[in-house]
Amino acid sequence: MEKPPSRRALTAVGAAVAAVFGLLFSVFGFTPGNAEAATSGIHVSNGRVYEANGSQFVMRGVNHAYAWYPSRTTAIADIAAKGANTVRVVLGDGQRWTRTSTAEINSLIAQCKAAQVICVLEVHDATGYGEDAAAGTLDGAAQFWVDNKSALIGQENHVVVNIANEPWGNSGYTAWTDATKNAIAKVRAAGIHNALMVDGPNWGQDWSNTMRDNAASVFAADPDRNTIFSIHMYGVYNTAAKVQAYLNAYTSAGLPIVVGEFGAQHSDGDPDEDAIMATTQTQGIGYIGWSWSGNGGGVEYLDLVNNFDKNSLTTWGNRFFNGANGIAATAKRATVYTGATASPSASASKAPNGYPYCGSASSDPDGDGWGWENSASCVVRGGKADH
């Protein structure tokens, strides 16, 4: 059985660019997507992710390497039992790893629904394209979803389609923007209307800010206006300032962002997992930890549990599930499973106290929950004043 690829380190040029990452987001050139968002199933509105009934949905999930461990048939249920509301499932499209069949996709979706978690399905074969000679193409990943649309159509309430994992390494990554737009167009033309997720280049860490600087145009290229951006935070994001600056760029622009992968340590540096989890909680942003179990190649420390045993948390797993801003404290089950209806303020632009929500947590430099935007007071979503 093939083992999962190790999480790749950045090249020297990547590290150099990362060192000058902290630019002001006011010069990024973003404009909020103001076209009407899709409202069927999981969808984006004003830079946030919602369920069909208007309840905001904040992903609190775990990655599961199904493509290499298909025999671990209880993994999704075990992840759900730890409190996660989302499972991101690794698939193969046949370009590099064994192709996941339509029947398998149907079974995985059924497992997610039985476990009452939202399924984020991703194709892993394009990982590191341009730098890794074995990687498949983004177009090939898009074709996989077209070929398997029968498993996706009708599952818009339960399934997010993550077109391709980390599609581009540190070479040729400027092609990411057009290739991503083309992949979105291909999937939409096939009649697939699930919420889409797209990963950044540079092994997912976007140290070049290619995804950040082009996110608005990519979002606008989706006819459904229903694309979520996913940043993977490893060694590049080793300080709170870097974490906050990157995420603030999206929230300030009214664009949807999740942390699709992150860990507590890595071969390319020491990620600030505390800042990642605190910032996403404050800003109402989703996160999905890497990964349940089965890591190899020297990064076994990324396992959340030992040998797929839900009762045997690793140090990283205990931090992720039970620590500050972790799964136990922050995850909420999707209302499609609980039957709950949207609260009056779930999709509102104002806090319960009547003040508007801030576009960015950076508007609150002293951390008291109150910010200042557009010459008026605002409330940081999820902060001390959000009541």
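D213 is partly exposed, because its relative accessibility of 37% falls between the 20% and 50% cut-offs. I should say at once that this comes from a predicted model. The partner of D213 in a salt bridge is R212, with the closest N and O atoms 2.8 Å apart. R212, by contrast, counts as buried, at 4% relative accessibility.

In general terms, side chains of opposite charge can pair when their charged atoms come close. The structure holds 11 salt bridges, and I would like to discuss two further examples.

The first is the pair R88 and D199, whose side chains meet in a salt bridge at 3.2 Å, N to O. R88 belongs to strand β4, residues 86-91, and D199 to strand β7, residues 196-199, so the salt bridge ties together parts that are 111 residues apart in sequence. Are these two residues buried or exposed? R88 has 0% relative accessibility and therefore counts as buried; D199, at 1%, is buried as well. The pair also belongs to a wider arrangement: R88, E122, D199 and E261 are linked in a network of salt bridges.

The second is R188 with D222, where the closest N and O atoms lie 2.8 Å apart. Which parts of the chain does this pair link? R188 sits in helix α6, residues 176-189, while D222 sits in the loop between α7 (210-221) and β8 (227-233). These distant parts of the chain are 34 residues apart. R188 counts as buried at 6% relative accessibility, and D222 is buried with a relative accessible area of 0%.

Definitions and conventions:
Residues are numbered from 1 along each chain as its sequence is written. This is a predicted model: local features need pLDDT of at least 70, side-chain atom pairs count only at pLDDT 80 or more; totals for chains, interfaces and linings use all residues. Side-chain values use heavy atoms; hydrogens and water are left out. A salt bridge is a side-chain nitrogen of Lys or Arg within 4 Å of a carboxyl oxygen of Asp or Glu. Helices (H or I, at least four residues) and strands (E, at least two) are DSSP runs, numbered from the N terminus. Buried means under 20% relative accessible area, exposed over 50%, partly exposed in between (1.4 Å probe, protein chains only).
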